[in-house]
Structure formats: C-alpha cells, structure tokens
Amino acid sequence: MEANGYSDPFVKMCLKPDMGKKAKNKTQIKKKTLNPEFNEEFSYEIKHADLAKKTLDISVWDYDIGKSNDYIVENRGGCQLGISAKGERLKHWYECLKKKDKKIERWHTLLKENHDTSD
C-alpha cells in the first residue's frame, strides 16, 4: 500500500523452469485500488508432454514509478500451480493436464510464497 492508502497492483505469471521471455506475462496495472479485478487471458505455446514438468508461478505486485516494484505479501500475494503443488492447486494442475484442449478456471487463495523478483 502506498502513502495514499492505495496500491497499483498487477499480476506476473511465469512458466518455470524458465523458457525465457515467452514464459513470462504481466497483466495491466490497476491504478489506486486495494481490490483489483484482473480479467485477462494468457496462453503459452508448449508441448503437452513438457507441461507436466512445468510450474506456473503467479504473483501480485505493486507498481512503483522510479523504483523497484513491491511483491504484495501480508498472507497473500502468490500462487503456484504444478506437479509440486498441494491440495486444490494440484487437482487444478492435473485437470489441466488431462483436458489439454479445454479452458479450466478455478479460484485459488493467494499465499505468502517465494517468487521471482526480477521484472
């Protein structure tokens, strides 16, 4: 949260192990809000067999002009989907792998996790 009481959040997604620039995506920045809604869609070109070895790292950041962006934590801020995930996140990942040509949407609670801090 900024001094004005708001944040300028955006979401970063990275398919890991990293495949370079084509593995990274960012949403638009939502200015001056603590309750952003991101309704954006991203896709990755990857062989289905390779997807099982990947992890999708999703993290929420606060955009800062002139300095580095801040990772939003305080019990929320990120989510990882992949073979090493647990519970609902792992179920979601398996469903994506099973139904490769279908769009699978789920809500996940954001947690305080380690994320790539590079832009």
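## The nonpolar core

A nonpolar core is a set of buried Ala, Val, Leu, Ile, Met, Phe, Trp, Tyr and Cys residues joined through side-chain atoms within 4.5 Å. In this predicted model, the largest such core has 13 residues. V11, M13, L56, I58, L81 and W93 have the most contacts inside that core. Four elements each supply at least two of the core residues: β1 (9–16), β3 (55–62), β5 (78–82) and α2 (87–98). In soluble globular proteins, nonpolar side chains tend to be buried together.

M13 shows what one core residue touches. Leaving out residues up to four places away in sequence, M13 touches A23, K24, N25, K26 and T27. Also on the list for M13 are F42, Y44, L56, D57 and I58.

## Strands β3 and β5

β3 and β5 run antiparallel. Five bridges join these two strands. One bridge pairs T55 with G82 of β5. β5 is mostly covered, with four of its five residues buried.

## Helix α2

α2 is 12 residues in length. From first C-alpha to last, α2 reaches 17 Å. That is close to the 16 Å expected at 1.5 Å a residue.

The buried residues of α2 are R89, L90, H92, W93, E95 and L97. W93 also appears among the core residues with the most contacts. The cover over the buried residues of α2 includes α1 (48–51), β3 and β5.

## The loop between β2 and α1

The loop between β2 (24–26) and α1 holds E40. T33 lies in the loop between β2 and α1 as well.

E40 has a relative accessible area of 30%, so this residue is partly exposed. Beyond its neighbours within four places in sequence, E40 is in contact with K26, T27 and Q28. E40 and T27 are 13 residues apart along the chain, yet their C-alpha atoms are separated by 6.8 Å.

T33 counts as buried because its relative accessibility is 18%, and the cut-off for buried is under 20%. Its contacts, leaving aside neighbours within four places in sequence, are with Y6, S7 and P9.

## Aromatic rings

Aromatic pairs were searched for across the whole structure, and zero were found. One ring does have a lysine over its face: K12 lies over W61. K12 is 4.1 Å from the centre of that ring.

Conventions: Residues are numbered from 1 along each chain as its sequence is written. This is a predicted model: local features need pLDDT of at least 70, side-chain atom pairs count only at pLDDT 80 or more; totals for chains, interfaces and linings use all residues. Side-chain values use heavy atoms; hydrogens and water are left out. Rings of Phe, Tyr and Trp (its six-membered ring) pair if their centres lie within 6.5 Å; planes under 30 degrees apart count as stacked, over 60 as edge-to-face and the rest as tilted. A charge sits over a ring if NZ of Lys or CZ of Arg is within 6 Å of the ring centre and within 35 degrees of the ring normal. Buried means under 20% relative accessible area, exposed over 50%, partly exposed in between (1.4 Å probe, protein chains only). Contact means heavy atoms within 4.5 Å. Two strands pair if DSSP finds at least two bridges between them. The expected span of a helix is 1.5 Å times one less than its number of residues.
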